[in-house]
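Biologist: Please take a close look at the charged side chains in this structure, and set out for a first-year student how they pair. I should also like to see how that part fits into the rest of the chain.

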Amino acid sequence: DAQVRCVKSALWYYGYGRPELYGLPCDGSAGSRELLLAFSWLLHTLHLPEQLLARDRVRTGDETSVCTCEDDLPCSREGRTEMVPEYSLEDQVDVRYLQWLSGRLRFQWQSLHALHQEQCKLLHKIHLFTSGCHMDKMLGHFSVTETDLVRRPENYKQLLELLESETVQLEAFLEWKQLEQIYWQWMEAVLDDMSEEGSLHEPQDARPKESPLPKAGSCPHWAGSLLGKIDRLSTDLTTVRDQLRELVTHRRSLWSEKVKTREEELEKENFCAAATKIQEAVELKLLDVTHRCAATEKRVHGSCRLVFRSKDSAGKAALSSNVSAEPVPTISATEVIRELQVRKASLERELKRLQEECRQRMDGIAQGLHGVICISP
């Protein structure tokens, strides 16, 4: 029961929207085909084989995760409240318990940051003391794994076993890539069978009217299923078009109301002061846009190997890179720090804007409460 609930919660978190899965019994007695569809959806959406290979990769060098791009979520989280499992809303949580969890999370984050700083200091010592010992002149120093192998040569057997395990996984991944097309063809057949079963269970009154398109009997099976998919796609596109029209009309009305409200506020306030604030805000946003457009090619996301560079070693590395035909792409810590500082300033400005909007909304709500005194923090 706990495993079924955990699977449903995980699939809902990643945005799986098939309601038949969430209606399955919690004892696991049914739903093997629904689990197959959900697994295939995760396989296609999250790229599970690639993630497993990246997680189980043997790291012989000292690496760190670097991200100088925007925060891109794996999938949209809009509209997930409609498919929340019922069991997630049964228990009510006390606000004080949430505050305690927030404080505990903040404490754990500070402890993790302190441990990370200590790890950086130890890595710096290893890289500094082993400088000039590595055969690769581009690196010039040992990593933690290499240093451990030098101190304890008997540990090479464990490293060899890990490398052999990674080789087996890579061979399995290559075999999967050869058979992947067959698997997805099989999944298309499973989807066609489920759609046919669903149409058989529908009542007679709920069936749509006959379309002017050729009947399924006068054309092959694949053509009939293709025509059905085209009909469903046309209906979905019509629905989306109507929703977009309603959304555009609603947004225009809201925007006109905001413009009128803002014009009234500007008439009451000093126009020069308001214009100065607007100009400063526009300049800050222009700086963000300019920085993002200029730094698009230099953005890095993923794991990078840590390489110690002093002034002398940097000069030698520059000479060796000139000799080599294909220099290794590198990124310095100064560039990453600068990117993160710009990102931090942008997030702080966005946080202040959201806090101001929340404060104004709270003031508007407090004005409508009679007999209640609200004290701002």
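**Charged pairs and their setting**

Modeller: With a relative accessible area of 43%, arginine 241 is partly exposed, because that class lies between the limits of 20% for buried and 50% for exposed. The model is a predicted one. The partner of arginine 241 is aspartate 242, and the closest N and O atoms of this salt bridge are 3.9 Å apart. The cut-off for such a bridge is 4 Å, between a side-chain nitrogen of Lys or Arg and a carboxyl oxygen of Asp or Glu. Aspartate 242 has a relative accessibility of 34%, so this residue too counts as partly exposed. Side chains of opposite charge can pair when their charged atoms come close. In the whole structure there are 13 salt bridges.

Two further bridges involve arginine 359. In one of them, this arginine meets glutamate 356, at 2.5 Å from N to O. Glutamate 356 and arginine 359 both belong to helix H11, which covers residues 333–367, and they are three residues apart, about one turn of the helix. An α-helix has 3.6 residues a turn, so residues three or four places apart point the same way. Arginine 359 also forms a salt bridge with aspartate 363, where the closest N and O atoms are 3.1 Å apart. These two residues are separated by about one helical turn, because they lie four residues apart in H11. The relative accessible areas are 33% for glutamate 356, 43% for arginine 359 and 35% for aspartate 363; each of the three is therefore partly exposed. Elsewhere, salt bridges that share partners link Arg18, Glu20 and Glu34 into one network.

Glu34 leads to another helix, H3, since this residue is among the buried residues of H3, together with Leu37, Ala38, Ser40, Leu42 and Leu43. H3 runs over residues 32–45, and its 14 residues should span 20 Å at 1.5 Å a residue; the C-alpha atoms at its ends are 20 Å apart, so the expected and modelled spans agree. Histidine 44 is also part of H3, but at 55% relative accessibility it counts as exposed. The C-alpha atom of histidine 44 is separated by 9.7 Å from that of tryptophan 184, although the two residues are 140 apart along the chain. After H3 comes histidine 47, in the loop that leads to helix H4 (48–55). The phi angle of histidine 47 is near 55°, a positive value in a residue other than glycine. Its relative accessible area is 46%, so histidine 47 is partly exposed.

The chain as a whole gives these parts their setting. It contains 11 helices and two strands, in the order α-α-α-α-β-α-α-α-α-α-β-α-α. Of its 377 residues, 15% are buried. The accessible surface is about 30800 Å², and carbon and sulfur atoms account for 59% of this area. On that surface, Val93, Tyr97, Leu98, Trp100 and Leu101 make a nonpolar patch of about 490 Å². Tryptophan 100 lies in helix H5 (residues 95–129) and, at 46% relative accessibility, is partly exposed. Among contacts with a separation of 6 or more, 68% join residues 24 or more positions apart. No disulfides are found in the structure.

Methods
Residues numbered from 1 in each chain as written. Predicted model: local features only at pLDDT ≥ 70, side-chain atom pairs only at ≥ 80, totals over all residues. Heavy atoms only, no water. Disulfide = S-S within 2.5 Å. Buried < 20%, exposed > 50% of the residue type's maximum accessible area, 1.4 Å probe, protein only. Contact = heavy atoms within 4.5 Å. Areas by Shrake-Rupley, 256 points an atom, 1.4 Å probe, with all protein chains shown as cover. Patch = residues over 30% accessible without salt bridge, like charges linked within 9 Å, V, L, I, M, F, W, Y side chains within 5 Å. Expected span 1.5 Å × (residues − 1).
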